[in-house]
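Dear colleague,

I am passing on the structure below, and after it you will find my notes on what came out of the analysis. Please read them alongside the coordinates.

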Amino acid sequence: MEREQFLGRVRAALRGAVLPEATGPGVAPSIEFDDPVSRFIEQATKAAAEVTVTPSAADAVDAVAGILDGRPFIAWDDLDAVVTGWEEVVVSRGWERIDATVDATTRHADHARIGAVPVGITSADVAIAATGTVVVTHGDGRPRSASLLVEDHIVLLPADRIVPSLADGFERVDWDTSNVVAITGPSRTGDIESILTLGVHGPRRLHIVVIG
Amino acid sequence: MTTFRERIQDAFAEGVPIAIDRGARGHYEHRAEAAAVFPQMEPMRDRARQIRAEVLANLDVHLRQFADSVERNGGVVFFAADAAEACDYIVGLARREGITRAVKVKSMVTEEIHLNAALEDAGVETVETDLGEFIVQLAGETPSHIIAPVLHKNRQQIGELFAERLGVDYTDDPGELNEIARDYLRERFLTAGMGISGANFGVADDGSIALVTNEGNGRLCTTAPRIHVAVMGMERLVRDRRDLAVMLEVLARSATGQGLSSYTNIVSGPRRIGEPDGPDQFHVVIVDNGRSATLGSRVAEILYCIRCGACLNACPVYRHVGGHAYGSVYPGPIGKVLTPSLYGLEQWHELPATSSLCGACQEVCPVRIDIPKLLVELRNESTHELSAGLRRGLAIYAGVTTHPRVFRLLTRTAALVAGVWSRDGWMRRIPVLRNWTRDRELPAPAPETFHDWWRKRGA
């Protein structure tokens, strides 16, 4: 149906519509925490993420190396901004970083290749204390596959990026991208008899390395 | 079509109510726990309700803004008046692009327009990827719950189904069943040419859509295939990201009791220049299919619904009969209003009657839809369809109850006569009300009427 015709039908319907409103303050209630970082760690852990808290960037590299344990990985291009020099440390041990660029002409083959990589490393531009959520903004140099096709997803998270609520987080995100994902724990399902099972389609484990 | 009664009998014969009751009760309890530990739950619900009312009051304006924004992001918008137009557009796109396999995120609106059948008829293999929906598809069934489609099956049945249809060894271990599905579906994700999703919300001012899943299939379907098609009921808009955040605060809590689902996936168009992965094309199909008629009716409030499924879990009728008994795509309290208003009360007049109006649905609804009131509206509308016999009966009842002397005489007589049909204090069969007592039993009336007892007591 033509757009104008469709919208005209909606407009006509609205003339007779009964749309009761709640009486309320007209704004969303605010969400705050005395200690957002502790709240984040508590909630992320509750959502089955594995949280490591490291006092410095150097310790964060050790934590990443411990999780990688020699396995090949995908990583975002701009992680140096979070942990300077992390890649040299890992690559110097002979561990392989796989390019995750998908070419439109070899899409299926590229996905098959990338889909076999066990670990992905990303950062998160912001994290949500209320729910233990990391908000991952994909885009230039930041493949979605790093947080999606892998078995283990590692998130490098500077503690000062933790904000109280999702609404706060949305204000901080750079939305100039085709895809933002708020991730709360690893992939899960309760579809079979409501029994919790982790690792359905996405990563089986979500590791969050909180820095500072 | 079968009647509501026949479908209930089928469900009981298959032992469905036990599985449904257990599953729905679990979800219900999880929601209660989530609400209890979230101090902002009640004011957040108030705000969520307002947001729905506000966006619907100017829906035409917001739809235009949304469509413009999607196009600005490099997406394509199609307005579908009904199911046929929506399916034709998607099938046409698949044909044009030479698509032979599509993967799908669970979506009620695609169930509503019967998209899978349309694609299969056109030779496009269409694979459901939500674990529950995948199981339902393998079994050749339909979902019995909005967010837990396979609530009606136990794991032994699922194990047998996998062994039979996928050629694997029988197991009823949920973890092992999950692994089988993961392997089977991963290959399909990575080779499909088209990914099809619904949309939990469309954001009017920036043209993005939000997709909420726990498994990650929503992300795979919108990342791996080169074409992403999102099908969205026209009422599913919010104005901006601020409003989106409010809706997300109540959605997962009401559905599964999680603060947020594992993946709240916000898609804003196709892959952009420089981005390493993502789809090359993004299409949004905006579906009316009866919604504008509902918007103009006395039950427009039902369009506030955000499809969390909380009302199903709370409903004593749903818990007893399961989703399939309703015979419609949308089951439970929400389905009792939505189905007749989308598809016509004449065909679906049974559904508004299948409620005790207890209000459990309204109590848990994240946007506080007054479902009991809407059910009464629909019942009022359908009274003219009552049979002549029933109308005569009601007229006699009205006459009796408005004449005290006649009423007293008749209740006294009834108490005496009813004693004849009573066994152990219960009446299980009343000859003149044979149909009515087929599923109901009544306590035998007291030998003395209340009026007589009261008069004696006063004396």
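Of the contacts in chain A with a separation of 6 or more, what percentage comes from residues 24 or more positions apart? The answer is 76%, and for chain B, where contacts between residues at least 6 apart in sequence were considered, 73% join residues at least 24 apart. Please keep in mind throughout that this is a predicted model.

On confidence, the model scores ipTM 0.96 and pTM 0.92, while chain B has a mean pLDDT of 92, with 99% of its residues at 70 or more. As a general caution, predicted coordinates should not be read in detail where pLDDT is low.

Taking the chains in turn, chain A has 212 residues, of which 47% are buried, and its secondary structure consists of six helices and 11 strands. The C-alpha trace of chain A spans about 70 × 50 × 40 Å along its principal axes. Chain B has 459 residues, and 51% of them count as buried; here there are 23 helices and 13 strands, and the C-alpha atoms fill a box of roughly 95 × 55 × 45 Å, again taken along the principal axes.

Turning to the place where the chains meet, the contact takes 83 residues from chain B and 67 residues from chain A. The side of chain B that touches chain A is made up, by class, of 33 nonpolar, 25 polar and 25 charged residues. There is also strand pairing between the chains, in that strand β8 of chain A (residues 179-183) and strand β9 of chain B (residues 263-267) run antiparallel to one another over five bridges. Within this pairing, A:V181 stands opposite B:N265, which may be a convenient pair of residues to look up in the viewer.

Chain B also holds an open sheet of three strands, in the order β11-β12-β13, with antiparallel pairing. Its edges are formed by β11 (422-423) and β13 (442-443), and because each of these has a single partner strand, one side of each is left without a neighbour in the sheet. The pairing of β11(B) with strand β12 (residues 426-427) of chain B is antiparallel and extends over two bridges, with B:S422 placed opposite B:M427 in β12(B).

With best regards

Terms used: Residues numbered from 1 in each chain as written. Chains lettered and ligands numbered in written order. Predicted model: local features only at pLDDT ≥ 70, side-chain atom pairs only at ≥ 80, totals over all residues. Helix = DSSP H or I, 4+ residues; strand = E, 2+ residues; numbered from the N terminus. Buried ≥ 20, exposed ≤ 12 C-beta atoms within 10 Å, placed from the backbone. Contact = placed C-beta atoms within 7 Å. pLDDT = per-residue confidence, 0-100. Nonpolar A, V, L, I, M, F, W, Y, C, P; charged D, E, K, R; others polar. Pairing = 2+ DSSP bridges.
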